[in-house]
Amino acid sequence: MRREDNKGFTLAELLIVVAIIGVLVAISIPIFTSQLEKAREATDLANLRAARAEASAAYLTESLPDGVTAGTDGSYTMYYNAGSGKLVKDADKADAIGKGTAADGGCSDYNSGSYTYKHNTIAKDKKIKVVITKDGEITCSFDGSTEG
């Protein structure tokens, strides 16, 4: 006589569970990717704000980086080094801190008059360029970034 022991799952039940998990993963990956891009865009915006704040402080205290001189139009051009939180004269001394990849993370456009960040700005691996005009207006942007 064979003993009936029905403790366990059938192959069909296991396949259904695997299929459900696969559907949940397929739904969650695009959501996760979108949130990741949104975080990258927020990081870029925070870095632009920090660069502007540092430029304002340097301009108001007349402590621009060594070697920075006014161009022919009277403006000062420098770069932001996020590692030290300081402005530097040369681009090669600044670190590339851009994170945004131009995928639509849903971060809305931001324009404060001193810098513009659009959600389709390609900032990945770019440096922040800071320009202070002779009138004291500060403009921050990702060097070489494309906006559309």
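Is Glu62 buried or exposed, and what is its relative accessible area? In this predicted model, Glu62 is exposed, with a relative accessible area of 73%. The points below take up the backbone at Glu62 and Asp125, and then the sheet together with the helix that packs on it.

**Residues with positive phi**

- Most residues other than glycine have a negative phi.
- Glu62, although not a glycine, has a positive phi of about 55°, and its place is in the loop that lies between helix H1 (11–60) and strand S1 (76–81).
- Asp125, which is not a glycine either, has a positive phi of about 60°, and this residue sits in the loop between strand S4 (116–117) and strand S5 (128–132).
- Asp125 counts as exposed because its relative accessibility is 54%, and the cut-off for exposed is over 50%.

**The sheet**

- An open sheet is formed by four strands in the order S2-S1-S5-S6, with antiparallel pairing.
- Strand S2 (86–88) and strand S6 (138–142) are the edge strands, each of them pairing on one side only.
- On average, and with direction ignored, neighbouring strands of this sheet are turned by 35° against each other.
- S1 and S2 run antiparallel and are joined by three bridges; within this part of the sheet, Tyr79 stands opposite Val88 in S2.

**The helix on the sheet**

- Helix H1 packs on the sheet, where it touches S1, S2, S5 and S6, and the direction of H1 makes about 145° with that of S6.

Technical notes: Residues are numbered from 1 along each chain as its sequence is written. This is a predicted model: local features need pLDDT of at least 70, side-chain atom pairs count only at pLDDT 80 or more; totals for chains, interfaces and linings use all residues. Side-chain values use heavy atoms; hydrogens and water are left out. Helices (H or I, at least four residues) and strands (E, at least two) are DSSP runs, numbered from the N terminus. Buried means under 20% relative accessible area, exposed over 50%, partly exposed in between (1.4 Å probe, protein chains only). Two strands pair if DSSP finds at least two bridges between them. Axes are lines fitted to C-alpha atoms, for helices over the stretch in contact, and angles run from 0 to 180 degrees between N-to-C directions. Contact means heavy atoms within 4.5 Å.
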